[in-house]
Amino acid sequence: RFAGIMKSMGVATIHAVATAAVRRARNAAEFTAPAEAILGQPISVLSQREEAHYVARGLTLNIPEATGLVADLGGGSLEVVALENGQARHSTSFNFGHLSSVEADEIDRALAAEPWLAASPGTRIYGVGGSFRALGLAYIEQTGYPLPVLHGLRIPGDEAGNLLSAFCRKDPDLSGVPLGRQKTMPTAALIMRALFRRSGAERIVVSGTSIRDGLIADLELGAVDRADFLLVVCQEISRASHRFPGVPEALVALLRPLFKPRDGQSVEEVARDRKRFDRLLEAACFLSDMCWNEHEDVRGDLGARRVLGLPVNCVTHKERVWLATAIYHRYVGRKTNKSRPPELSVLLSRRRRAEATVIGLGLRFALTFSGGAAQNLDQIRLGNDGTTLTLHVGAGCAALVDNHARRRLQQLAQSANLEAEIIYD
């Protein structure tokens, strides 16, 4: 089936790999030989070390500075990698998985043989694989968690421990676990709980990544793509949606002065927040025209929902809501009579929600003022001295300043707690 589909798609490059099931099978060649003949190319049987590397690399492609334990729980094995700021420090593979017949004491003995697993109490576990995703689905259903996106879902320690213990009971409560996972979930929970307790983790973070992400990162992506996958994806969306070239870049340059550091921050804290702000601002600018061809009454709602469901694993849940909030207000402004996703009212602090709203209103002002043309955006700039938001207008754009533009600039300034001023250069 795979060979036929790839042929019909005209796939030029194939990376075929086998993991623990084939690596451990005594009769592996009885599978790999005919499979290679069907594919027309060799299959690489990964070592334990290689498998652990690609699992961890798949995570760090999307969370570059991850620190904690990456745990990939498969049917017949558990790979665990200790990461420190995105760098692998230790790794191992255990010969049991959610399809194994294994007892709790056997799991505990195996984990105890790796002292580094318990060397960093208070760390987090990044859970990879279907069993961890099933745990996430159960957590969402049982707690009413507001954002139905598995990757990046954070399950606090107490709640993770309670869920896993409930799954391990003689009559387990499997509410929210997909039907296809319910039979194997008690064994999976036994393994996950043992690792959770052994490591002293403070939370479980569900990861939507896999070994495939690691293979793509190492074998296919260039340095620019690996730098920030979010911006790569947003740029792709921009190329398909923006009506005029050069607009996202012009928007980024225009709106950067809207950054507002928090009171009492150190230089290092301001630099960190500025870096985060610039990344999300750039993504929002690339996404800012994604719904121009939808009906104006639903653009905000549709745009926000599309951002909440972006098919990327390199943003946190809070970053999804921040970007969705910005895109919503880019289309809706301050109107209160438009449909709005309820997810925009959760997860973010009041300050972060206000920041995203300001960026949305900045996009709305800039794109309406300029007609969405980069040559008009290039002739204006914003200044922000902490008290006044000043719009500097070049001579070639003076005719674009009307009462409508003044009102939107005033609205933007008020949202940022600033006075508004226009200067003709």
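Here is a short chat about how a few labels in this predicted model are earned.

Me: Before the labels, what is in the protein overall, in helices and strands?
Reply: You're looking at 19 helices and eleven strands. The C-alpha atoms fill a box of roughly 80 × 50 × 40 Å along the principal axes, and 50% of the 425 residues count as buried.

Me: Okay, why is Glu51 called buried?
Reply: Its relative accessible area is 4%. Buried means under 20%, so Glu51 gets the label. You'll find Glu51 in helix H4, residues 48-62.

Me: Which residues does Glu51 touch, if we skip its neighbours within four places in sequence?
Reply: Glu51 is in contact with Thr19, Ala20, Arg23, Leu46, Ser77, Glu79 and Ile211. To count as a contact, heavy atoms have to be within 4.5 Å.

Me: What makes Met9 exposed?
Reply: Exposed starts at over 50% relative accessible area. Met9 has 62%, so the label fits. Met9 lies in helix H1, residues 2-9, and together with Ile5 and Val11 it forms a nonpolar patch on the surface with about 260 Å² of accessible area.

Me: And how do you know that Asn337 is exposed?
Reply: By the 50% cut-off again: Asn337 comes in at 64%, so it counts as exposed. Asn337 sits in the loop between helix H16 (317-332) and helix H17 (350-370). The C-alpha atoms of Asn337 and Arg203 are separated by 39 Å.

Me: What makes the pairing of Arg262 and Asp273 a salt bridge?
Reply: The closest N and O atoms are 2.9 Å apart. A salt bridge asks for a side-chain nitrogen of Lys or Arg within 4 Å of a carboxyl oxygen of Asp or Glu, so this pair qualifies. Arg262 is in the loop between helix H13 (247-255) and helix H14 (267-287), while Asp273 is in helix H14, eleven residues apart.

Me: Buried, partly exposed or exposed: which labels go to Arg262 and Asp273?
Reply: Arg262 has 35% relative accessible area, which lies between the 20% and 50% limits, so it is partly exposed. Asp273, at 6%, is under 20% and therefore buried.

Me: How do you know that Arg89 and Glu84 form a salt bridge?
Reply: Their closest N and O atoms are 3.6 Å apart, and the limit is 4 Å, so the pair passes. Arg89 is partly exposed at 49%, and Glu84 is partly exposed at 41%.

Me: Where do Glu355 and Arg352 lie?
Reply: Both are in helix H17, three residues apart, about one turn of the helix. Their side chains meet in a salt bridge with an N to O distance of 3.6 Å, and both residues are buried. Elsewhere, salt bridges that share partners join Arg23, Glu51 and Glu79 into one network. The structure holds 17 salt bridges.

Me: What makes Asn417 worth a look, as far as phi goes?
Reply: Most residues other than glycine have a negative phi. Asn417 has a positive phi, near 60°. Asn417 lies in the loop between helix H19 (403-415) and strand E11 (419-424), and at 62% relative accessibility, over the 50% cut-off, it counts as exposed.

Me: Where is Asn85, and what is its phi?
Reply: Asn85 is in the loop between strand E4 (78-84) and strand E5 (87-94). Its phi is about 50°, positive although Asn85 is not a glycine.

Methods:
Residues numbered from 1 in each chain as written. Predicted model: local features only at pLDDT ≥ 70, side-chain atom pairs only at ≥ 80, totals over all residues. Heavy atoms only, no water. Patch = residues over 30% accessible without salt bridge, like charges linked within 9 Å, V, L, I, M, F, W, Y side chains within 5 Å. Areas by Shrake-Rupley, 256 points an atom, 1.4 Å probe, with all protein chains shown as cover. Helix = DSSP H or I, 4+ residues; strand = E, 2+ residues; numbered from the N terminus. Buried < 20%, exposed > 50% of the residue type's maximum accessible area, 1.4 Å probe, protein only.
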